[in-house]
There are 2 protein chains.
Amino acid sequence: MSDSSDVLRASIGLAVSTVIFALRDAEGDTSGPAVGTDAPATVWLPLVRRIREPQCGRWALPGGMVELDESLEGAARRNLAETTQLEPAYLEQLYAFGDVDRSPDRRLVSIVYWALVRPDEAERLTLGENVQWFPADELPELAFDHNLIVDYALWRLRTKMEYSAIAHAFLGDEFTLAELRGVYEAVLQKPLDPANFRRQMESSGAIEPTGGVVTGGRHRPPKLYRYTGDVQLVDAGPLTPRISA
Amino acid sequence: MSDSSDVLRASIGLAVSTVIFALRDAEGDTSGPAVGTDAPATVWLPLVRRIREPQCGRWALPGGMVELDESLEGAARRNLAETTQLEPAYLEQLYAFGDVDRSPDRRLVSIVYWALVRPDEAERLTLGENVQWFPADELPELAFDHNLIVDYALWRLRTKMEYSAIAHAFLGDEFTLAELRGVYEAVLQKPLDPANFRRQMESSGAIEPTGGVVTGGRHRPPKLYRYTGDVQLVDAGPLTPRISA
DNA sequence: CCAAAAGTGTTCATTCTACACCCATGG
DNA sequence: CCATGGGTGTAGAATGAACACTTTTGG
């Protein structure tokens with residue numbers, strides 16, 4: 001091998017991976033409202049099968065190397081688009097994993113992001129032999145330390161759901177309170193009181209009625225709501241300079 | 001230059017930096033209890049002056065490159081010991097900063113940690129022309145994006161102080177409730193009701209009386225407490241596998 | 001009219017907050 | 001005995017959980 005290859009092998013490789021969450025019903029069908037229906041929605045994530053050593057054949061998080069001229073988040077978005085065609089509604093850095101022995105080949109540090117996609121966006125994932133949705137709670141043994149990473153991402157999703165306003169990243173622009181509550185129930189895996197949930201949401205100032213209602217159900221038509229944007233969605237502190245929506 | 005140097009320049013450099021917090025009184029003296037005295041303690045952090053380009057002369061966070069055979073946290077601890085002689089009581093990953101233009105020289109990604117040190121440990125910092133304590137709220141213009149990083153670390157410290165039990169990392173093994181309250185007041189920058197603070201701490205199960213008291217004050221001798229360890233200090237979820245003290 | 005989900009009202013328990021008050025020590 | 005901070009008690013506000021009850025639609 002050439003000199004440059006040896007030098008590269010002697011440097012630390014920098015990669016990004018992303019844990020992508022979407023809500024789908026128990027059978028794995030994202031068509032339809034996905035929440036608010038009879039079947040309780042659950043958290044799913046897409047994985048890709050490794051087609052080269054090391055760990056060839058194992059399922060893994062989508063990701064790849066960071067290019068010299070792209071930011072970390074940019075690299076995450078590019079890899080996401082390339083391997084899954086997904087453009088997440090929410091994307092946040094999770095953690096940098098860099099244990100010496102986490103990759104058997106060369107030394108690799110992975111900046112891991114986590115993402116939320118809307119149901120309609122989740123449809124764009126081109127399924128195949130090497131790309132597949134998995135329920136977040138019953139994953140196979142993944143490549144490298146990816147099981148640990150998914151556990152951590154799930155924990156972050158659940159804790160952040162309790163004090164932040166990220167739930168809308170699972171929904172479209174307009175939604176009913178039942179749909180929003182369905183998101184919370186699916187992620188937190190526990191039923192919520194509809195009456196109290198309504199009051200908490202309304203008093204938070206995070207949502208406002210659009211004026212529209214949903215007709216067609218065999219019951220009282222629910223109002224539609226949208227997010228006001230008044231409430232800061234996340235808590236990244238001095239980071240995320242107000243934009244990023 | 002040789003071929004290997006060009007290749008290295010064409011790869012992404014991986015560094016670690018650490019934001020180190022300690023409590024010192026307004027004049028910057030860490031001798032004595034540092035909290036619980038008359039002068040209200042404030043948050044300080046040590047910076048090192050850059051002695052080479054780029055940004056030569058500017059104050060910056062202590063840090064350095066990650067070696068091939070050390071973990072990210074290990075690299076943070078080593079750089080801390082080498083540049084400041086400090087061994088923090090608490091050390092946690094903060095964020096990975098990797099914007100393309102954050103370093104004018106080569107492409108550099110920094111995994112940033114934040115740390116808390118005890119007052120006696122803070123004494124070990126060997127001050128000099130190029131190593132100095134600064135009050136966290138009135139920093140000069142730092143090198144690179146380090147002002148943003150410190151702001152973020154300060155925000156994390158303050159938010160985490162409200163729901164976690166990290167305050168003891170600023171104190172010794174034994175402490176009075178007034179000292180512990182002093183830590184909270186210094187970090188959160190607001191006075192706390194002694195009576196309510198006592199009840200909250202006692203009911204949390206995080207502390208227990210040692211049986212000892214502090215005599216010598218011109219008032220009723222306060223009891224000494226220690227942390228029980230029953231309460232998980234931090235909230236890193238699936239990470240931090242129970243050990244790490 | 002009936003079933004079902006939307007939406008409102010009310011009660012009770014828990015927690016937070018403010019502040020009055022007593023205790024123990026040094027001077 | 002007095003000043004000072006340590007420590008306890010308690011009333012009112014605020015929040016949250018539980019659940020009864022009314023409203024509006026399709027069938």
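In chain A, 62% of the contacts with a separation of 6 or more are between residues 24 or more positions apart, a contact being heavy atoms within 4.5 Å. This is a predicted model, where local features need pLDDT of at least 70, side-chain atom pairs count only at pLDDT 80 or more, and totals for chains, interfaces and linings use all residues. Residues are numbered from 1 along each chain as its sequence is written, chains are lettered from A and ligands numbered from 1 in the order in which they are written, and side-chain values use heavy atoms, with hydrogens and water left out.

**Chain A overall**

- Chain A has 6 helices and 9 strands; helices (H or I, at least four residues) and strands (E, at least two) are DSSP runs, numbered from the N terminus.
- Of the 245 residues in chain A, 48% are buried. Buried means under 20% relative accessible area, exposed means over 50%, and partly exposed is in between (1.4 Å probe, protein chains only).

**Helix α2 of chain A**

- Helix α2 of chain A covers residues 72–84, and its 13 residues should span 18 Å at 1.5 Å a residue; the end C-alpha atoms are 18 Å apart, which agrees. The expected span here is 1.5 Å times one less than the number of residues.
- Which residues of α2(A) are buried? They are L72(A), A75(A), A76(A), N79(A), L80(A) and T84(A).
- Looking down the axis of α2(A), you find the buried residues within an arc of 135°, so they line one face of the helix. The arc is taken from the directions from the helix axis to the C-beta atoms.
- Those buried residues pack against strands of both chains: β1 (13–25), β4 (63–65), β5 (90–97) and β6 (108–116) of chain A, plus β5 (90–97) and β6 (108–116) of chain B.
- After α2(A) comes Q85(A), with a positive phi near 65°.

**DNA strand D**

- There are 21 residues around DNA strand D, and N196(A), R198(B), R199(B), R220(B) and K223(B) come nearest; a residue counts as near if one of its heavy atoms lies within 4 Å.
- Sugar and phosphate make up 59% of the strand D atoms that come within 4 Å of the protein.
- For polar contacts (a pair of N or O atoms within 3.5 Å; within protein, one must be able to donate a hydrogen and the other to accept it, and residues adjacent in sequence count only if both atoms are side-chain atoms), chain A offers examples on bases and backbone alike. A polar side-chain atom of N196(A) sits 2.9 Å from a base nitrogen of strand D, and one of Q200(A) sits 3.4 Å from a phosphate oxygen.
- R218(A) uses a backbone N or O atom, 3.4 Å from a base oxygen of strand D.
- The elements giving two or more residues to the surface near strand D are α6 (194–204) of chain A, along with α5 (177–188) and α6 (194–204) of chain B. α6(A) gives the most, with 4 residues.
- By type, the surface near strand D has 6 nonpolar, 5 polar and 10 charged residues. Ala, Val, Leu, Ile, Met, Phe, Trp, Tyr, Cys and Pro count as nonpolar, Asp, Glu, Lys and Arg as charged, and the others, Gly among them, as polar.

**DNA strand C**

- DNA strand C is surrounded by 18 residues, the closest being R198(A), R199(A), K223(A), N196(B) and G217(B).
- Sugar or phosphate holds 58% of the strand C atoms within 4 Å of the protein, and bases hold the rest.
- On phosphate oxygens of strand C, R198(A) places a polar side-chain atom at 2.5 Å, while K223(A) places a backbone N or O atom at 3.0 Å.
- On the base side, a side-chain N or O atom of R220(A) is 3.5 Å from a base nitrogen of strand C.
- α5 (177–188) and α6 of chain A and α6 of chain B are the elements that give two or more residues to the surface near strand C.
- The surface near strand C divides into 5 nonpolar, 4 polar and 9 charged residues.

**Backbone oddities**

- E53(A) and P54(A) are joined by a cis peptide bond with omega about 0°, and P54(A) is in the loop between β2 (41–49) and β3 (59–60) of chain A.
- In chain B, a cis peptide bond joins E53(B) and P54(B), with omega about -5°.
- F144(A) is not a glycine, yet its phi is positive, about 50°. F144(A) is in the loop between β7 (131–135) and α4 (146–163) of chain A, and its 22% relative accessibility makes it partly exposed.
- Q85(B), also not a glycine, has a positive phi of about 65°. Q85(B) lies in the loop between α2 (72–84) and β5 of chain B and is partly exposed at 26% relative accessible area.
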